[in-house]
Amino acid sequence: MPDGINIDYDGLIPNNVDLAGDARVRKALETWHPGYIDWWKDMGPEGFQESLVYLRTAIGVDPKGWAKFDYVKMPDYKWGILLAPKVEGRTIPFGKHKGEPAWQEVPGEYRAMLRRLITVQGDTEPASVEQQRHLGATAPSLYDLRNLFQVNVEEGRHLWAMVYLLHKYFGNDGREEAEELLARRSGHQDTPRMLGAFNEATPDWLSFFMFTFFTDRDGKMQLEALAQSGFDPLSRTCRFMLTEEAHHMFVGDSGVQRVVERTVEAMRDADITDPHDIAAIRALGVIDLPTIQKKINLHFSLTLDLFGNEISTNAANAFNAGIKGRYREDKLEDDHALLDATYPVLRHVSGQFVTEEVPALSALNLRLRNDYVQDCISGVTRWNRVIEKAGIGFKLALPHVAFNRAIGEFAGIHTDIDGNILDEAVWQAARDGMLPNDDDAAYITSLMVPVTENGKFAGWIAPPKMGIDNKPGDFEYVQIVA
Ligand code: BYC
């Protein structure tokens, strides 16, 4: 019998939720399993399914030591169901039920809301694997290839995490949702994934690093908000997912940093000081800083859309119900009910930006988004330090929150990256200078040639400072079997 810390490895599905003692859910998941493996083989990483990848697998949920590293063929990865240990006596931390015992079963009145949130969360996980499935063919090193696959198998595990909740707590409806999670496809015309950014392409490795920096960080914020939930199984599930998520953001953060490092190093070696001399910089086989900025503009704006409308009744209802909290709700010092509070919201009214105080409950999507932006700024600041140290006069920056938006207050307008409102004609003319254009895409694509020799890296990216699991620089992270 699992004790909530150690994992039962005896059955088909490793778990710490006593699947051995829950025949109905075990059977449901074992029935879902072949469809998942089919999905993984069809829509997971293209090629490499027979290769041995040096992966970490969760073997416990104790924060002090929960993973082991070893060579694994991806289809044999142990996708388990792992919840953070139960906190005895936990109460609902916010909303109108604040202080009542946390729910161990789904409260009937919030069943539809919970099912929707869990399904949306679940949908993003396989979507990201689908978006990244072609990247293995152009990995800049075995180190990066392994990191891609680590991210992919763990997103697969996060799908399992949501599917467990659906099967365990939502009966037939949950089973149907679980089936549909395997049926939708990123970017598909008829059966797309649920949220916008998860239907965009991830065409190259700079996009992958931007995605893991920006979009996985939305994942972190949403999981943090759901980890506060009064529905205890959701809270425990999200808490453990966050442990894995940290590595995904590290991959993005350090990935972009290594691209910047290599660019400024090549510029220095060639005595180029003008960061806008794009032709000369590209002749060196590295990615110029203005193009890196365009990728930031794209991925940041796409990801802001994932926070939903700034003013949202759904968000207010979920908070009031005790289902979805704020970032670090348990560390905030207020009444955790927000019935009388207000929050400033930047709005677009008759061609102008105005800041309006709105009921704080309605502005919770924006509040989470503001916390997210703060988190992003720390990464951009680190990248700028690299540029500054190289003595190059260029600063990367996040674009204005109204730039290139499809959801919320700014969906109907165009702005430049500083937030100046543009009419349609000016936007069309300026767009190519602010977002990656066809030439940028063609140049980046030309750099995407695979490097599969131990310890070697493509010329457009610097090696990492340290190996994974403290392995030496020439470690064979992937033993490729064609
Ligand atoms: N695209 O009241 P509103 C991750 C819909 S990433 C399309 O503003 P709400 C990961 C919305 O569904 C984190 N539709 O929405 C990262 C609603 O439709 P219905 C994923 C959108 O509910 C990398 C309507 O518009 N987790 O884990 O307050 C790799 C009204 O909107 C979009 C979650 O998102 C959009 N962008 O907020 C792998 C957490 N935005 O219901 C994984 C769970 C809004 O009226 N989800 N709509 O038909 C949620 O908390 C909320 O659903 C949202 C939207 C924050 C997404």
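Visitor: How many cavities of 30 Å³ or more does the structure hold?

Guide: A cavity is a set of points where a probe fits but cannot get out. This is a predicted model, and the structure holds two cavities of 30 Å³ or more.

Visitor: What is the volume of the largest cavity?

Guide: About 50 Å³. The second largest cavity has about 30 Å³.

Visitor: Which residues line the largest cavity?

Guide: Gln-131, Ala-197, Glu-200, Ala-201 and Thr-202 are among them. The lining also includes Phe-211, Thr-215, His-299, Leu-302 and Thr-303. Look next at the elements. H5 and helix H8 (289–304) each give two or more residues to this lining. The largest share, three residues, comes from H8.

Visitor: How does that lining divide by class?

Guide: Four residues are nonpolar, five are polar and one is charged.

Visitor: And which residues line the second largest cavity?

Guide: Ile-7, Tyr-9, Pro-14, Ala-58, Lys-78, Gly-80, Leu-82 and Arg-157. By class, five are nonpolar, one is polar and two are charged.

Visitor: Now the pockets. How much space lies in the largest pocket?

Guide: A pocket, unlike a cavity, is an open set of points. In the largest pocket here, the space is about 910 Å³. Its lining has 45 residues. Val-120, Leu-195, Gln-222, Leu-306 and Lys-324 lie nearest the centre.

Visitor: Which elements give two or more residues to the lining of the largest pocket?

Guide: Five helices do so: H2 (111–131), H3 (142–169), H5 (205–227), H9 (313–320) and H10 (364–389). By class, the pocket lining has 19 nonpolar, 16 polar and 10 charged residues.

Visitor: There is a ligand too. Which residues come nearest to the ligand?

Guide: There are 29 residues around the ligand. Arg-116, Gln-121, Asn-309, Ser-312 and Lys-324 come nearest. Lys-324 is also one of the residues nearest the centre of the largest pocket.

Visitor: Which residues have polar atoms at short listed distances from the ligand's nitrogen atoms?

Guide: Take the backbone first. A polar backbone atom of Gly-196 is 3.2 Å from a nitrogen atom of the ligand. For Asp-305, a backbone N or O atom lies 2.9 Å from a ligand nitrogen. Then a side chain: an N or O atom of Asn-314 is 3.1 Å from an oxygen atom of the ligand.

Visitor: Is Gln-257 buried or exposed?

Guide: Buried means under 20% relative accessible area. Gln-257 has 18%, so Gln-257 is buried. This residue lies in helix H6 (residues 232–269).

Visitor: What is Gln-257 in contact with, leaving aside its neighbours within four places in sequence?

Guide: Arg-382, Trp-383 and Val-386.

Visitor: One last feature is the backbone angle phi. What is phi of Asp-18?

Guide: Near 55°, a positive value in a residue other than glycine. Asp-18 lies in the segment before helix H1 (23–43). At 24% relative accessibility, Asp-18 counts as partly exposed.

Visitor: Where does Leu-338 lie?

Guide: In the loop between H9 and strand E3 (342–349). Phi of Leu-338 is near 60°, again a positive value in a residue other than glycine.

Visitor: Why does Leu-338 count as buried?

Guide: Because its relative accessibility is 5%, and buried means under 20%.

Key. Residues numbered from 1 in each chain as written. Predicted model: local features only at pLDDT ≥ 70, side-chain atom pairs only at ≥ 80, totals over all residues. Heavy atoms only, no water. Helix = DSSP H or I, 4+ residues; strand = E, 2+ residues; numbered from the N terminus. Buried < 20%, exposed > 50% of the residue type's maximum accessible area, 1.4 Å probe, protein only. Contact = heavy atoms within 4.5 Å. 1 Å grid on protein atoms, 1.4 Å probe; cavity = no way out; pocket = protein on both sides within 12 Å on 5 of 7 lines; lining within 4 Å. Points joined across faces, edges and corners; volume = space filled by probe spheres on them. Nonpolar A, V, L, I, M, F, W, Y, C, P; charged D, E, K, R; others polar. Near = heavy atom within 4 Å. Polar contact = N/O pair within 3.5 Å; in protein donor to acceptor, adjacent residues only side chain to side chain.
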